[in-house]
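Reader: I would like a close look at a single part of this structure, taken slowly and in connected prose. Please begin with one strand and its surroundings, and then widen the view.

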Amino acid sequence: MKVLVDRHRCEGHGLCEDAAPDLFEIDDAGELVLLFDGTVPEGQDRQAADAVRICPVSALKAE
Amino acid sequence: MTSVIPSTDIDLYAEESITSPYEAYKKLRDIGPAVWMEPYQVFAVSRYQDVYDALHDHEGFSSGSGVALNEPLNQKMKGSALVSDPPYHDHLRGIMGVPLTPKALRQHRELFQRLADGLIDSLLERGTFDVVVDFAQLFPLSVVPDLLGWPAEGREEFLAWASAGFNALGPMNERAQADIPTLQGMWGFMAEMAVPGRLRPGSWGADLVAATEAGTLDKDLLPAMIGDYLVPSLDTTVSALSSAMLLLGGHPDQWQAIRADRSLIPNALNEVIRYEAPIRGLSRLLTADRELSGTTIPAGSRALMLYGSANRDERHWDSPDTFDVTRANASSHVGFGHGIHGCVGQGLARLEGHALLNSLADKVATIEVGEPTYRVHNTIRAIATLPATLKAG
């Protein structure tokens, strides 16, 4: 599973971080940092899917 | 696939359905994914998954032809971010969203916390107060006009304008019609504000005006965009803050839990917005036939996304009519909408709400609330008055 970030849409609300803290982090500057390379690590598909679904502004897409 | 969509004679805009909406919403959910409302010429979409799916299908469920339930408003609002589709929508949102990201709002955190502390201190001294006027309205009014760059004159009209703006997003019934003179006053003022120099330099509004000077934004669309900042930033927040006081006052055990663990504050605010969605719903125009849970909604029709109902849908929520600040999936609510049109001001709403809940948690042992009365408003879940007393501790 891959996750794509639309950097234009991302506003840093951080719901992805709440849903999948091992995969997404809002850093001290308020920017989204991906803690993986876009390909979801083994066993984290559910968290990744949760994060994609909960982003309130459609900034995340799953492939 | 269903070829005949059921109708209902439930009137969502009758006074009873407005002040006590949740029974009507449940009835609609039980009838089907889409239910035709003849007087309003719109399909009511009331279940969580269908609302979510429609909001995420912004091509099929278009905002560019308006999100209100009447044509005059839908025409008037064209050019706003609210009433637009990509690519124009994305261009606008990319400009107006800049000062509203949580990152951009950080610089205001200290100020907001200080203002919140001051407000709660004064309410503690006061004894009994009105949650709406003395708490929920006061705070947004003390921060938003300044951020927008509004001149001092004209601010007393703000609340009336915001309210009229939201009433007009419903059907053009008597209560919306009664608000038209107020709306016209607002549009006149917004056009005036679009003139360079009227808004405080460096403010969000002035930055929009500057963008038109620089040619990145069409000047003709400026009043609608200024409206994008002004109208949704007051009534909605007032609604959520009023509901927060009501609900936390009515659930003292949960209030104590929040005092003991501040990390509950964000989820508590989400649960407030889930439980009493400030915006009942907004509509979309179908640009193509679309299926929601097996029901086909035909191209050319208008569909009303009922956030207030989706947020109570038993198909998505366990015990939806129970207020629970520890609810695990509270943040999945659609009280801010969802998708590309998801509320661009939600970061600001959260900043205000969290600051106030923090102050309350620091200073207030007991929140005592009386009975609320509700305003009869087409679009906003609006408490009219709510007496309350805060006890220190």
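Author: In strand β6 of chain B, Leu282(B), Arg284(B) and Leu286(B) point one way, while Ser283(B) and Leu285(B) point the other way, and all are buried, a residue being called buried if 20 or more other C-beta atoms lie within 10 Å of its own, exposed if 12 or fewer do, and partly exposed in between, with C-beta atoms placed from the backbone. Five of the five residues of β6(B) are buried, so the strand is largely enclosed by the rest of the structure. Strands and helices here are DSSP runs numbered from the N terminus, E of at least two residues for a strand and H or I of at least four for a helix.

The model is a predicted one, in which local features need pLDDT of at least 70 and side-chain atom pairs count only at pLDDT 80 or more, whereas totals for chains, interfaces and linings use all residues. Residues are numbered from 1 along each chain as its sequence is written, and chains are lettered from A and ligands numbered from 1 in the order in which they are written. With pLDDT being the predictor's confidence in each residue on a scale from 0 to 100, chain B has a mean of 94, and 99% of its residues reach 70 or more; the model scores ipTM 0.97 and pTM 0.96.

To return to the strand, β6 (residues 282-286) of chain B is joined by four bridges to β9 (residues 302-305) of chain B, and the two run antiparallel; strands are said to pair if DSSP finds at least two bridges between them. Within this pairing, Arg284(B) has Ala303(B) of β9(B) as its bridge partner, and Leu282(B) stands opposite Met305(B). Two bridges join β6(B) to β4(B), again in an antiparallel arrangement, and here Ser62(B) has Leu285(B) as its bridge partner.

These pairings belong to an open, mixed sheet of six strands in chain B, whose order is β1-β2-β3-β9-β6-β4. The edges are taken by β1 (7-8) and β4 (61-62) of chain B, each of which has a single partner strand, so one side of each is left without a neighbour in the sheet. Packed on the sheet is helix α3 (residues 48-56) of chain B, which touches β3 (42-45), β4, β6 and β9 of chain B, and whose direction makes about 120° with that of β9(B). Residues are in contact if their C-beta atoms, placed from the backbone, lie within 7 Å, and axes are lines fitted to C-alpha atoms, for helices over the stretch in contact, with angles running from 0 to 180 degrees between N-to-C directions.

The buried residues of α3(B) are Tyr48(B), Asp50(B), Val51(B), Asp53(B), Ala54(B) and Leu55(B). Their cover includes β3, β4, β6, β7 (290-292), β9 and α18 (307-310) of chain B, so that β6(B) appears here among the elements covering the helix.

The loop that follows β7 in chain B, running to β8 (295-297), contains Ser293(B). This serine has a positive phi of about 45° although it is not a glycine, and with 14 C-beta neighbours inside 10 Å it counts as partly exposed. Most residues other than glycine have a negative phi, and most peptide bonds are trans. An exception to the second pattern is the cis peptide bond joining Pro86(B) and Pro87(B), with omega of about 5°; Pro87(B) is found in the loop between α4 (71-76) and α5 (88-96) of chain B.

Elsewhere in chain B, Leu159(B) sits in helix α10 (residues 158-167) and is partly exposed, with 16 other C-beta atoms within 10 Å. Leaving aside residues up to four places away in sequence, Leu159(B) touches Gln137(B) and Leu234(B), and its C-alpha atom is separated by 7.1 Å from that of Asp235(B), 76 residues apart along the chain.

Finally, the partner chain: chain A has two helices and four strands, following the pattern β-α-β-β-α-β along the sequence. The contact between the chains takes 15 residues from chain A and 17 residues from chain B.

Key. Contact = placed C-beta atoms within 7 Å.
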